[in-house]
Structure formats: C-alpha cells, structure tokens
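Hi everyone, thanks for coming. I'd like to walk you through one protein chain today, so have a look at the screen.

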Amino acid sequence: MGQVDYGSFAMIKRIRALVSGKTVFPAATRTGFRKISRFQERLNPIRDALRTHNVYSEINRLAAVRTFMEIHVFAVWDFMSLLKALQRRLCCVDSPWLPPADPQSCRFVNEIVLAEEADHDGRGGFASHFELYHRAMTQCGADTTAIDGFVADLRRGVSLRAALASPTVPEVARRFVEQTFEIIESGNIYGIASAFTYGREDLLPDVFQRIVDKMNAEVGGQLDDFRHYLLRHIGLDGDEHGPMAARLVQSLCGSSGGAWERAEQAAVDCLNARKEMWDGIGDAIRRRSITGARSNCE
C-alpha cells in the first residue's frame, strides 16, 4: 500500500494543484492519478445531477430551509459515523495502544476528526459540526424533535435499526442512513473511504450558499448560525479535506482492480442515496407548502 504525506504543506499544495489540473506527478504516481481521474469522470454525471437538483429551486423561503434541515441533519450525523469508521480502521483507538500501520493516513484522518468534532464554533468555543448544525436549526426555528429523539435513543443503548424505526424519523432519512451503514458494517476499507470521500457535503453547490445568504438578510439573521456551518464544514470539505480524501482513496486502492471496483460501487451507491434524499426533501417541501403542516413523518 502506498503512503502519502498528508501532513506536509507541500503535499497539500500538490493535492490542490492535482484537483485543478496544474501538476504533473512523477512517473511512479501517474498510474494512480490516471485511475482516480477515470474514477471521478465516471462519477461526475451523478455529482453534477445532484449539484443542479431542483430541490434548490424549492428552497425559497424560511419554512423550506427548516424542512431541508430537519431531514438533512441525519446526513450530517451520518457523515460523522463514516469518519469514525475510517478512524477505527486506520488509527489505533483502543487500549493498549499500537502504532498505526500507515502513519500518514492516520494523521490525515485524525486531522479531519479534530476539525469535525471540535471546530471553532464562532463564539470563542468549540463544537462538532453536528452541534453547529443543530444550533443553526434551533436559531431558525427548525424542529429538532426527530434528531434529538434519535440521538437520545442511541445514548440509551438502543440499536441503530431500532432508533431509525422511530415514527419521528423521516422515512427518506432512515433509508439514507441504512444505506451508509451497509457500507460501514461491510468492513471494506475501500468502500468506507470512497463513501466518505465522494458522498461528502461538498455536493451542496455554491448556489445554496447564495440562497442562504440572501434569505438570511431577509429574515433578520435567523440563518447566521447556518451560514457559519456552511462556511466551516463545506469550506473545509472543498478546499482541504476533499482533495486529501481523494488521495487517501488512491493510496488505499493502489493498483488493485478489485479495490477500485468496490470503491466505485460504494461511491455510486452513496450518490444515488443522496439523490433519493434530495428527491424526498423536495417532496416534503412541496407537501408542506400545500398543507402548511410541520410533520416529522414525511
């Protein structure tokens, strides 16, 4: 398995250049570069369809943002579970401690865990990105009943499947999380790394940020915390974590055709699940605009 120095500033610059197409790598790495380039080309049509999904045209008022967040918050929680699955596979999180087999990959994953679990909260403290999102929901008046009940069930030791079966959990969110955990529970590191890399929050396009910015001005700052979340989480994904995660997939899969096939299938499954979630959110927004209902049982 190849190793990449994710921690060096020079490598981060090279990764960013790779993504922008400005760097030519030495011959030893060109094979991996070609494989991941072809891999990403096959995923681009699905990712483009998500970035131009009609759900964004539905988010034109505060009530629609609330509906979006009440379902999408499960994807935010789900993302953390993928990250922790990666950490368990690539880093030692047990006692007695043992040195990691791949220190560079371990460093990369732990850097992301630090940013995702204890980021600057914009108020002089620290919070996970999930907590930032939850705080944003509270500020704008979104209903947190479903996600609060789900997390409370897990804290009490209720199984994931039983917690997801609660009638307060939106059906489309339940299907999304179940699909992710099929990949996690498979134990396949290529699939887990690929799901983490290509089903990420950078799928939220720039237009979404502009929608939120414009609406925030119209509603007197009720979306300030949501804007902070987008700037921190989406910004880190696009500028730093996303490119480095792509190199992690390349390093793990190497020249193994079977590994690349498993990674590609996991990525396609996650992107299709994301599209299904976007479809479900759009349906929920339209239903609520007609009925005026605020139900968690969409």
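Before the numbers, one term: when I call a residue buried, I mean that its relative accessible area is under 20%. And keep in mind that this is a predicted model.

Okay, the overview. Buried residues make up 52% of this chain, which has 298 residues. As for secondary structure, we've got 13 helices and two strands. The surface that the chain exposes comes to about 13400 Å², and 53% of that is supplied by carbon and sulfur atoms. Now take the contacts whose separation is 6 or more: 75% of them are between residues 24 or more positions apart.

Let's zoom in on helix α11, which covers residues 206–218. Is N216, in that helix, buried or exposed? N216 is buried, with a relative accessible area of 7%. And what does N216 touch, if we skip its neighbours within four places in sequence? The answer is G221, Q222, L223, D224 and R227.

Next up, aromatic rings. The structure holds 13 aromatic pairs. One of them is F208 with F226, an edge-to-face pair with 6.0 Å centre to centre and 85° between the planes. F208 lies in helix α11 and F226 in helix α12, residues 224–253, so this pair ties together parts that are 18 residues apart in sequence. Both partners are buried: F208 has a relative accessible area of 2%, and F226 has 1%. These two also belong to a cluster linked by ring pairs, together with Y56, F68, Y133, Y229 and W278.

Last topic: cysteines. A quick reminder that a disulfide is a covalent bond between the sulfur atoms of two cysteines. How many disulfides does the count give here? Zero. To see why, you need the cut-off: the two sulfur atoms have to be within 2.5 Å. Start with C92. Its closest cysteine sulfur is the one in C106, 8.7 Å away, and that is too far for a bond. C92 counts as partly exposed, at 25% relative accessibility. Then there's C106, where the nearest cysteine sulfur belongs to C91, 3.4 Å away, and C106 is in no disulfide either. C106 is buried, with a relative accessible area of 11%.

That's my tour. Thanks for listening, and I'm happy to take questions.

Note on methods:
Residues are numbered from 1 along each chain as its sequence is written. This is a predicted model: local features need pLDDT of at least 70, side-chain atom pairs count only at pLDDT 80 or more; totals for chains, interfaces and linings use all residues. Side-chain values use heavy atoms; hydrogens and water are left out. Helices (H or I, at least four residues) and strands (E, at least two) are DSSP runs, numbered from the N terminus. Buried means under 20% relative accessible area, exposed over 50%, partly exposed in between (1.4 Å probe, protein chains only). Contact means heavy atoms within 4.5 Å. Accessible areas come from the Shrake-Rupley method with a 1.4 Å probe; for residues, only the protein chains shown count as cover. Rings of Phe, Tyr and Trp (its six-membered ring) pair if their centres lie within 6.5 Å; planes under 30 degrees apart count as stacked, over 60 as edge-to-face and the rest as tilted.
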